[in-house]
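Please look through the structure shown here before reading on; the paragraphs below lead from its aromatic rings to its nonpolar cores.

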Amino acid sequence: MAITSKGKGWELRNSIWMLWAILTLGFFNYISFYYIYFRVKQRKWLFAALVYSLIFITWIIIAEIYPEKHWMTDVSFAIFLLGWIISIVHVLKIRKEYLLRLEVKIANGQKEIQSLREQIRQEYGSTVEAGSKVAPIPQEIKEQPEDTVKMIDINTATEDEVAGVPGIGALFAKKVMEAREREGGFTSFEHFVQTLSIKPHLAEKMRPFLVFPEKPSTSSLKKSEGRIVDF
């Protein structure tokens, strides 16, 4: 019965690391644990790798220092063989956990890649497929046609309304809402662009559909200041 959803073939291919512990008579069993640590970043397996490495190194040092018939040599060799046997049991025991962790890590990595592709699509109007050139966006996920998009007040619009603006989309709309909350609203288009570090070509694409609160003009302020009040 398969341990993961990827099937037995995938599990066998990702279990080859166990051979370092099983077939090398203890000389390289620590490699198995270094390998799985680097794949899934579990410190307990790094600790195991260090322990098995220490057993091997200690045996080598003692064998060099003491004569072949010395009791220290015999004891260190016995510990070395015992460490090999324990490492075999160890890899058999942790195989299931390793495969499950690896499956989760791969799945999370694919989600991150998909999120990055979506971000690139929003910024450049195209999707990026692994190992391929930039591909056009499928028709069903393209932004709304510009002639059907209405102007919105960026400081009062909902997230869905912001996402419908050409050049923004669902992913970037979340950042817009977060920035709006943080800034207490956007005072101008320039403030909006600068706060979100929007690229010029995208800014021009968004500009016709965004409304910002108008500031009183300097001339009107001067007129109001210079008005004579009649009594």
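**Aromatic rings and nonpolar cores**

In this predicted model, ring pairs join Trp20, Phe27, Phe28, Tyr30, Tyr34, Phe56, Trp59, Phe77 and Phe80 into a cluster. The structure holds 19 aromatic pairs. In one of them, the rings of Trp17 and Tyr98 have centres 5.2 Å apart and planes at 70°, so the pair is edge-to-face. This pair links distant parts of the chain, since Trp17 lies in the loop between α1 and α2 while Tyr98 belongs to helix α5 (residues 71-124), 81 residues apart. Trp17 counts as buried at 4% relative accessibility, and Tyr98 is likewise buried, with a relative accessible area of 0%.

The loop between α1 (8-13) and α2 (19-22) also contains Asn14, which is buried because its relative accessible area of 13% falls under 20%. The side chain of Asn14 reaches the backbone oxygen of Trp10 at 2.9 Å, and, leaving aside neighbours within four places in sequence, Asn14 is in contact with Arg39, Tyr98, Leu99 and Leu102. Over the face of Trp10 lies Lys6, at 5.8 Å from the ring centre.

Turning to the cores, the largest nonpolar one has 24 residues, of which Val162, Phe192, Ile198, Met206 and Leu210 touch the most other members. Helices α6 (159-163), α7 (169-183), α8 (189-196) and α9 (200-206) each supply at least two residues of this core, and α7 gives the most, with five residues. A second, separate core of 21 residues includes Trp17, Ala21, Tyr52 and Trp59.

Technical notes. Residues are numbered from 1 along each chain as its sequence is written. This is a predicted model: local features need pLDDT of at least 70, side-chain atom pairs count only at pLDDT 80 or more; totals for chains, interfaces and linings use all residues. Side-chain values use heavy atoms; hydrogens and water are left out. A nonpolar core is a set of buried Ala, Val, Leu, Ile, Met, Phe, Trp, Tyr and Cys residues joined through side-chain atoms within 4.5 Å. Buried means under 20% relative accessible area, exposed over 50%, partly exposed in between (1.4 Å probe, protein chains only). Helices (H or I, at least four residues) and strands (E, at least two) are DSSP runs, numbered from the N terminus. A polar contact is a pair of N or O atoms within 3.5 Å; within protein, one must be able to donate a hydrogen and the other to accept it, and residues adjacent in sequence count only if both atoms are side-chain atoms. Contact means heavy atoms within 4.5 Å. Rings of Phe, Tyr and Trp (its six-membered ring) pair if their centres lie within 6.5 Å; planes under 30 degrees apart count as stacked, over 60 as edge-to-face and the rest as tilted. A charge sits over a ring if NZ of Lys or CZ of Arg is within 6 Å of the ring centre and within 35 degrees of the ring normal.
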